[in-house]
Amino acid sequence: MKWLLIGIGGIVALVALMALVGALIPRDHRATSRVTLRQNADSVWKVVRDLGGTPVWWPEVKESERLPDRDGHEVWRQKVSGFEMPLVIVASDPPHRLVTKIDSPPGSAFGGTWTYELLPDLGGTTIIVTEAGWIGNPIFRFLSRFVFGYYSTLDGYLKHLGKRFGEEVSPV
């Protein structure tokens with residue numbers, strides 16, 4: 001029984017330490033990753049802009065469903081890594097720029113935007129994805145900063161986008 005209490009006390013202390021450190025990490029973060037593909041901007045745009053087709057090439061997205069527009073903006077519901085995320089298309093300037101925003105209701109654990117920029121680059125296209133996000137829960141902030149990293153989802157997206165075109169890419 002003594003060892004059980006010590007174990008439980010250790011777990012509680014670890015969670016408390018994670019919460020304390022997480023509370024010291026800023027709520028907002030910004031991360032940018034980029035790759036260059038040997039594809040023209042129109043080809044890359046068609047894949048990036050087709051949110052309904054994302055589950056076909058990016059395994060993190062299990063479902064992507066178009067919902068009714070809201071206030072003149074496209075709305076999508078995606079299931080990503082166990083979370084349901086309603087996305088709103090904030091801006092779309094084909095084939096150069098797309099901005100999506102997680103439509104976070106009050107009390108959400110996280111939220112933010114992804115901005116996709118497509119730039120011509122010597123017969124190909126450089127795609128830059130910037131996440132301007134926030135994480136409300138200090139424990140999730142700790143995990144995101146020290147365990148998962150701010151770049152893991154961005155880099156995963158870009159690697160799978162490269163594979164979608166038959167290219168091996170290394171995000172920077």
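**Pairs, pockets and positive phi**

Modeller: Let's start with one pair: Leu87 stands opposite Ile102 in S5. Keep in mind that this is a predicted model, where local features need pLDDT of at least 70, side-chain atom pairs count only at pLDDT 80 or more, and totals for chains, interfaces and linings use all residues. Residues are numbered from 1 along each chain as its sequence is written, and side-chain values use heavy atoms, with hydrogens and water left out.

Biologist: What makes S4 and S5 a pair?

Modeller: Strands pair if DSSP finds at least two bridges between them. Strand S4 (residues 83-93) and strand S5 (residues 97-102) have six bridges, in the antiparallel sense, so they qualify under that rule. The loop between S4 and S5 holds Pro95, and the peptide bond joining Pro94 and Pro95 is cis, with omega about -15°.

Biologist: And what counts as a helix or a strand?

Modeller: Both are DSSP runs, numbered from the N terminus: helices are H or I with at least four residues, strands are E with at least two. The chain has five helices and seven strands. In sequence order the pattern is α-β-α-α-β-β-β-β-β-β-α-α.

Biologist: What is the order of the strands in the open sheet?

Modeller: S1-S7-S6-S5-S4-S3-S2, seven strands with antiparallel pairing. Strand S1 (28-37) and S2 are the edge strands, as each pairs on one side only.

Biologist: How do you know that S2 and S3 pair?

Modeller: Strand S2 (residues 61-70) and strand S3 (residues 73-80) share seven bridges, antiparallel. One of the partners is Lys79 in S3, which bridges to Glu63. S2 and S3 form a hairpin with two residues between them, and Asp71, in that loop, has a positive phi near 50° without being a glycine.

Biologist: Why is Asp71 called exposed?

Modeller: With a 1.4 Å probe and protein chains only, buried means under 20% relative accessible area, exposed over 50%, and partly exposed in between. Asp71 is at 70%, so it counts as exposed. Leu122, in the loop between S6 and strand S7 (124-135), is exposed too, at 88%. Its phi is also positive, about 45°, although Leu122 is not a glycine.

Biologist: Why is Leu17 called partly exposed?

Modeller: Leu17 comes in at 49% relative accessible area, so it is partly exposed. It belongs to helix H1 (residues 2-24). In the whole chain of 172 residues, 40% count as buried, and in helix H2 (residues 41-49) the buried ones are Ala41, Val44, Trp45, Val47, Val48 and Arg49.

Biologist: What makes the space in the largest pocket a pocket?

Modeller: The search uses a 1 Å grid over the protein atoms alone: a cavity is a set of points where a 1.4 Å probe fits but cannot get out, while a pocket is an open set with protein on both sides within 12 Å along at least five of seven lines. The volume is the space filled by probe spheres set on the points, which are joined across faces, edges and corners. For the largest pocket that gives about 850 Å³. Lining residues have an atom within 4 Å of a point; there are 38 of them, and Met85, Ile102, Phe110, Glu131 and Thr153 are the closest to the centre. Strand S6 (residues 110-121) supplies the largest share, six residues.
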